[in-house]
Amino acid sequence: MIESEIPVLTTVPAEIMGARVILRAHRPDFAAEMFAAIAESRQHLWPWMDWVDDHRSVDDTRAFCVASAADWLLRSTLGYSIFDRTSDRFLGGIGCEEIDRTLRSFAVGYWLRVGATGHGYATEATRLLVDKVFSVLGARRVQLTCDVRNTASRRVAERAGFVLEARMRNARLTPSGGISDTLMFSLTPEDRSLANQ
């Protein structure tokens, strides 16, 4: 028998502590730090994430944080800011979108500010979030997609234990107007059981 859907009011931790990072649910008071990270990383992020164009001022980013907080309450998306545990510096963002509460399926996405990449922060943040999605929300599937050319994002998915399912051809319109392939990764409870054997 299939379990009922995830209740909207399911308790989800607003803060998740890792060895080197802390995930905190997006809040409006993070806007200035988040905008600074986006502004300094715009060229680094833009080839993969055209949403950076929506953040032209701190007010734009504050509006995003307010909307994220509302989405959090409805459990329609679960967005977290990533902070360095030692320095409390804002490092980036991670979250679950495309939440199907009946199937218990989630899509994970992440980004890091320029200068924070290559240190394992995204991998740790992804593992932390995925662990909660499985343990708290009873996930049956967590998926992750990235542009085929985004080798850093692909490495994060692989290090976090995701399984490559497919290369979807001509699946993405790039910010510059080109067409690119997308890699689809997924993780299931069975995958996690095998990894722990």
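Visitor: Why is C65 called buried?

Guide: In this predicted model, C65 has a relative accessible area of 0%, and because buried means under 20% relative accessible area, C65 is counted as buried.

Visitor: How do you know that C65 is not bonded to another cysteine?

Guide: The closest cysteine sulfur to that of C65 belongs to C96 and lies 17 Å away, whereas a disulfide calls for a pair of cysteine sulfur atoms within 2.5 Å, so the separation is too far for a bond. C96 is likewise in no disulfide, its nearest cysteine sulfur being that of C146 at 16 Å. By this rule the count of disulfides comes to zero.

Visitor: What makes C96 buried or exposed?

Guide: C96 has a relative accessible area of 0%, and because the cut-off for buried is under 20%, C96 is classed as buried.

Visitor: Which residues does S153 touch, leaving out those up to four places away in sequence?

Guide: S153, which is found in helix α4, residues 151-159, touches Y110 and C146.

Visitor: Why is S153 called buried, and why is E158 called partly exposed?

Guide: The relative accessible area of S153 is 11%, and because this value falls under the 20% cut-off, S153 is buried. E158 is also found in helix α4, but its relative accessibility is 41%; since partly exposed covers the range between the 20% and 50% cut-offs, E158 counts as partly exposed.

Visitor: What separates the C-alpha atoms of E158 and D59?

Guide: The two C-alpha atoms are separated by 36 Å, and the residues E158 and D59 are 99 residues apart along the chain.

Visitor: What makes the phi of D88 worth a remark?

Guide: Most residues other than glycine have a negative phi. The phi of D88, however, is near 65 degrees, a positive value in a residue other than glycine. D88 is found in the loop between β3 (78-84) and β4 (90-100), and because its relative accessibility is 38%, between the 20% and 50% cut-offs, D88 counts as partly exposed.

Visitor: Where is E98, and why is E98 called exposed?

Guide: E98 has its place in strand β4, and its relative accessible area is 58%; because exposed means over 50%, E98 is classed as exposed. The phi of E98 is near 50 degrees, again a positive value in a residue other than glycine.

Visitor: How do you know whether the radius of gyration of the chain agrees with that of a compact globule?

Guide: For 197 residues a compact globule would have a radius of gyration near 16 Å, and because the chain has 16 Å, the two agree. Along its principal axes, the C-alpha trace spans about 50 × 35 × 30 Å, and buried residues make up 46% of the 197 residues. Of the contacts with a separation of 6 or more, 63% are accounted for by residues 24 or more positions apart.

Visitor: How many helices and strands does the chain have?

Guide: The chain has five helices and eight strands, which follow the pattern β-β-α-α-β-β-β-α-β-α-β-β-α when read along the sequence.

Visitor: What can be said about the exposed area of the chain and about its charges?

Guide: About 10,100 Å² is exposed by the chain, with carbon and sulfur atoms supplying 53% of that area. The chain carries 24 positive and 25 negative charges, and the mean positions of these two groups are 4 Å apart.

How values were computed:
Residues are numbered from 1 along each chain as its sequence is written. This is a predicted model: local features need pLDDT of at least 70, side-chain atom pairs count only at pLDDT 80 or more; totals for chains, interfaces and linings use all residues. Side-chain values use heavy atoms; hydrogens and water are left out. Buried means under 20% relative accessible area, exposed over 50%, partly exposed in between (1.4 Å probe, protein chains only). Helices (H or I, at least four residues) and strands (E, at least two) are DSSP runs, numbered from the N terminus. The radius of gyration is taken over C-alpha atoms; the globule rule is 2.2 Å times the number of residues to the power 0.38. Contact means heavy atoms within 4.5 Å. Accessible areas come from the Shrake-Rupley method with a 1.4 Å probe; for residues, only the protein chains shown count as cover. Lys and Arg count as positive and Asp and Glu as negative; His and the chain ends are not counted. The place of a charge is taken as NZ of Lys, CZ of Arg, CG of Asp or CD of Glu.
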